[in-house]
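Me: Hello! I have just started learning to read protein models, and I would like a close look at one part of this one. Could you take me through it slowly?

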Amino acid sequence: LKTSENMTQAELKTNLADKLQRVAEFLEAVAEADWHRSQNGKWTIGQEFEHLRMSTQGMAFLLSVANRPNWRPTDRTSREYQAFLSEYQAAIAAIRDRLPNNPAAPSVESDALTVAQQAQRWAKTTQQVLGVFDSLAEPELEGSTVWKHPLLGPVTAREVLYFTTFHTQHHHGSMVRKLTYETK
């Protein structure tokens with residue numbers, strides 16, 4: 001990923017599509033027995049996946065045509081990817097002990113879904129996210145704040161895409177580690 005300047009829309013789409021595809025491939029490889037296996041008090045793979053899916057779907061809505069009336073004009077340019085990521089990681093580290101209730105936490109209902117059912121939901125979510133790119137023009141990545149992140153404050157469309165890319169990569173890595181983790 002570029003770190004010293006903002007990525008173009010095409011670069012953003014390529015990077016995000018790659019991360020989304022890696023999750024889809026992971027879902028094809030994970031066994032049902034591992035999906036709900038205890039992770040010593042942490043979310044199971046299935047629960048972590050559901051958090052990722054719900055968050056990713058929320059990001060698609062933030063950038064959707066239906067939500068654009070809620071965007072607010074700004075003259076602030078987007079932070080560069082690495083600066084944005086560093087700010088996010090520092091904010092998380094500062095509150096790690098007292099993380100608020102997560103609105104994208106998994107539900108009891110989602111726990112009942114199989115890997116195959118969740119893979120179907122991921123495919124739909126991926127289509128939604130990538131479809132947003134078809135409705136966004138490069139200039140729309142700047143000039144508006146589209147969401148007020150609880151830790152980062154107002155974020156632009158470009159920053160939402162940075163967040164979604166990083167968040168997907170982070171949770172994919174975590175789920176892979178959980179798959180290889182042996183409970184003791």
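Me: Is Glu87 buried, exposed or partly exposed, and what is its relative accessible area? Please also tell me about the salt bridges around that residue and how they fit with the rest of the model.

Reply: Happy to help! Please keep in mind that this is a predicted model. Glu87 is partly exposed, because its relative accessible area is 36%, which falls between the 20% limit for buried and the 50% limit for exposed.

Now to its partner. Glu87 makes a salt bridge with Arg79, and the closest N and O atoms are 2.8 Å apart. Arg79 counts as buried, since its relative accessibility is 15%. This pair belongs to something wider: through salt bridges that share partners, Arg76, Arg79, Glu87 and Glu159 are joined into one network.

Another link in that group is the salt bridge between the side chains of Arg76 and Glu159, at 2.9 Å from N to O. Those two come from distant parts of the chain, 83 residues apart: Arg76 sits in the loop between β1 and α4 (81–95), while Glu159 belongs to helix α7. Their surroundings are worth checking too. Arg76 is partly exposed, with a relative accessible area of 28%, whereas Glu159 is buried at 0%. A general idea helps here: side chains of opposite charge can pair when their charged atoms come close.

The structure holds 13 salt bridges, so let me show you one of another kind, inside a helix. Arg22 pairs with Asp18, with 3.1 Å between the closest N and O atoms. These two are four residues apart in helix α1, which means that about one helical turn separates them. In general, an α-helix has 3.6 residues a turn, so residues three or four places apart point the same way. Arg22 is partly exposed at 40% relative accessible area, and Asp18 is partly exposed at 31%.

Next, step out to the strands. β1 is part of an open sheet of three strands in the order β1-β2-β3, paired in antiparallel fashion. Its edge strands are β1 (72–73) and β3 (153–156), each pairing on one side only. Strand β2 (residues 144–149) is joined to β3 by four bridges, and Lys148 stands opposite Pro154 in β3.

Helix α7, the home of Glu159, also leads us to α6. The buried residues of α6 pack against α7 (157–180), as well as α1 (9–29), α2 (32–35), α3 (45–62) and α5 (108–111). Which residues are these? In α6, Val115, Gln118, Trp122, Thr125, Thr126, Val129, Val132 and Phe133 are buried. They cover an arc of only 115° around the axis, so they lie on the same side of α6. The face turned away from that buried side carries the exposed residues Ala116, Gln120, Gln127 and Asp134. One of the neighbours, α3, is largely enclosed by the rest of the structure, because 14 of its 18 residues are buried.

Finally, a word on confidence. The protein chain averages a pLDDT of 88, and 91% of the residues score at least 70. Among its elements, α1 has the highest mean pLDDT (95) and α5 the lowest (77). As a general habit, where pLDDT is low, the predicted coordinates should not be read in detail.

Terms used
Residues numbered from 1 in each chain as written. Predicted model: local features only at pLDDT ≥ 70, side-chain atom pairs only at ≥ 80, totals over all residues. Heavy atoms only, no water. Buried < 20%, exposed > 50% of the residue type's maximum accessible area, 1.4 Å probe, protein only. Arc of directions from axis to C-beta. Contact = heavy atoms within 4.5 Å. Pairing = 2+ DSSP bridges. pLDDT = per-residue confidence, 0-100. Salt bridge = Lys/Arg side-chain N within 4 Å of Asp/Glu carboxyl O.
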